[in-house]
Amino acid sequence: MIDPKLVRDDPEAVRASQRARREDPDLVDAVLAADDLRRSTIAGFDRLRAEQKGLGREVAQAAGDEKAALLARTKHLSGEVKAADVAQNEAATAYDGLLRRLSNIAEPGVPEGGEEDYVVLEHVGEPPQLDFEPRDHLELGQRLGAIDTERGAKVSGARFYFLTGVGAQLQLAMLNLAMAQAIEAGFVMVVPPVLVRPEAMEGTGFLAQAAADVYHLAEEDLYLVGTSEVPLAAFHMDEVIDADRLPLRYAGWSTCFRKEAGSYGKDTRGILRVHQFDKVEMFSYCLPEDAAAEHQRLLAWEKEMLAKVEVPYRVIDVAAGDLGSSAARKYDCEAWVPTQGRYRELSSTSNCTTFQSRRLRIRVRDAEGTRPLATLNGTLATTRWIVAILENHQQADGSVRVPAALRPFLGGREVLEPVPT
RNA sequence: GGAGAGGUGGCCGAGUGGUUGAAGGCGCGGCACUGGAAAUGCCGUGUAGGGUAACUUAUCGAGGGUUCGAAUCCCUCCCUCUCCGCCA
């Protein structure tokens, strides 16, 4: 939720942000109209309620005939107060509903446009020069006895997989490497619940545009999280945090679940796009004025991790139209995938400014009082990284070189060798 | 799953139908005292809405209800604790 004052004080800025995102600018005017109605119903209710309370005080002190007369007078007021209360609540609900539909204000400098309008900020590393026909990650994974998608489909359906042997070990090694880095950087490691209440899902903004991608358990009314960003953001829901405790940095380790609705036929091979994967996610709470700098720090930590797995990648500044509703700015790191001849997203870091904290009622308290704080998130490693690691470090014989930083987490192994099937 | 006890301000904790936004304590801020500090004393201190302002409204887990009036009574739900049952 954006700052309601901004809509009132500078509606054109909000309209401009909506246009940049290719969302509806007229929503701003609907919010303004709902706000007018809301305020007038509040005035009506307040007046009646004040009168009722005043009479109530007199009733409390009166007795006998005087009391009876007062009661007669106030009896009809009761109904009016109730009606005004209903009107007030309806107007407030309508206003809130519209306000929540407004996406976060894109940060100045965000590229305009849609998915294809990102700006490449930099390239790091060179695609490997392979003097043989590269195998894709699935073929490599099968030869290594690392990835089994056929049995994944048998047991659970399409887009499910088993990580076996060195595949499972590689994932654990990578996530451990990521977590070790995060802890070294001062993050608090968190293993969060992956089933959350509607409030947590709603508060982080995932029930808006990403709703179709979210698994829901109807019987319990719980949602499976698509990222530990959700429980990490909701961790401090309804809390007031002293300014001197900020920034708070958490590194979540969790399994993530995504329906991948609308991606039928896309990336169906291997483990590039799956319903369930594991991830180490960084999450920061900081002062709003520090958010942009914190965003750069998260990006730097992502790059540090990418350097450790030695894959070539580029950093893109995601265009406004391709931002999630919560994000004011988003940088993606995309790794080179040799068999696809293109870059694929490995990590993503978003500055959600005060959008999530306002929805989740998380505030910071300093000398001036309390106010919403900023939340940011960024990926440190996911199952998908295995794709880039296998393909970029493959050798002619189908073996895969292990990046040096991962070796300590793999019992010192330098090469993953094919196994007999 | 069953039975019972609870959910009150940043925190702890009184309060069972009427000037209670809510005693008291802690914390925090200011002042006094001090060479400075601690201790002590005094004063102040929730949040969110509406209003140019004076001021006003809401808020005692959430949502309904009873009543002229609800933190307080009733219903539903959520959560916590204790005991029993069940259990990968």
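How far is the sulfur of Cys 286 from the closest cysteine sulfur? See view 1. This is a predicted model, where local features need pLDDT of at least 70 and side-chain atom pairs count only at pLDDT 80 or more, while totals for chains, interfaces and linings use all residues. Residues are numbered from 1 along each chain as its sequence is written, and side-chain values use heavy atoms, leaving out hydrogens and water.

**View 1. Cysteines without a partner.** The structure has 0 disulfides (a disulfide being a pair of cysteine sulfur atoms within 2.5 Å). For Cys 286, the closest cysteine sulfur sits 11 Å off in Cys 352, too far for a bond. Cys 286 is also buried, at 2% relative accessible area (buried is under 20%, with a 1.4 Å probe and protein chains only). Cys 333 has no disulfide either: its nearest cysteine sulfur, again that of Cys 352, is 16 Å away. Cys 333 is buried too, at 0%.

**View 2. The largest nonpolar core around Leu 390.** This core (buried Ala, Val, Leu, Ile, Met, Phe, Trp, Tyr and Cys residues joined through side-chain atoms within 4.5 Å) has 57 residues, and Leu 390 is among those touching the most other members, as are Met 174 and Trp 385. Helix α7 (residues 166-184; helices are DSSP H or I runs of at least four residues, numbered from the N terminus) gives the largest share, 9 residues. Beyond four places in sequence, Leu 390 contacts (heavy atoms within 4.5 Å) His 137, Leu 140, Gly 141, Leu 144, Ile 147, Leu 170 and Val 400.

**View 3. A separate core.** Apart from the largest core lies another of 22 residues, including Ile 241, Tyr 285, Ile 362 and Val 364.

How values were computed: Chains are lettered from A and ligands numbered from 1 in the order in which they are written. Buried means under 20% relative accessible area, exposed over 50%, partly exposed in between (1.4 Å probe, protein chains only). Helices (H or I, at least four residues) and strands (E, at least two) are DSSP runs, numbered from the N terminus.
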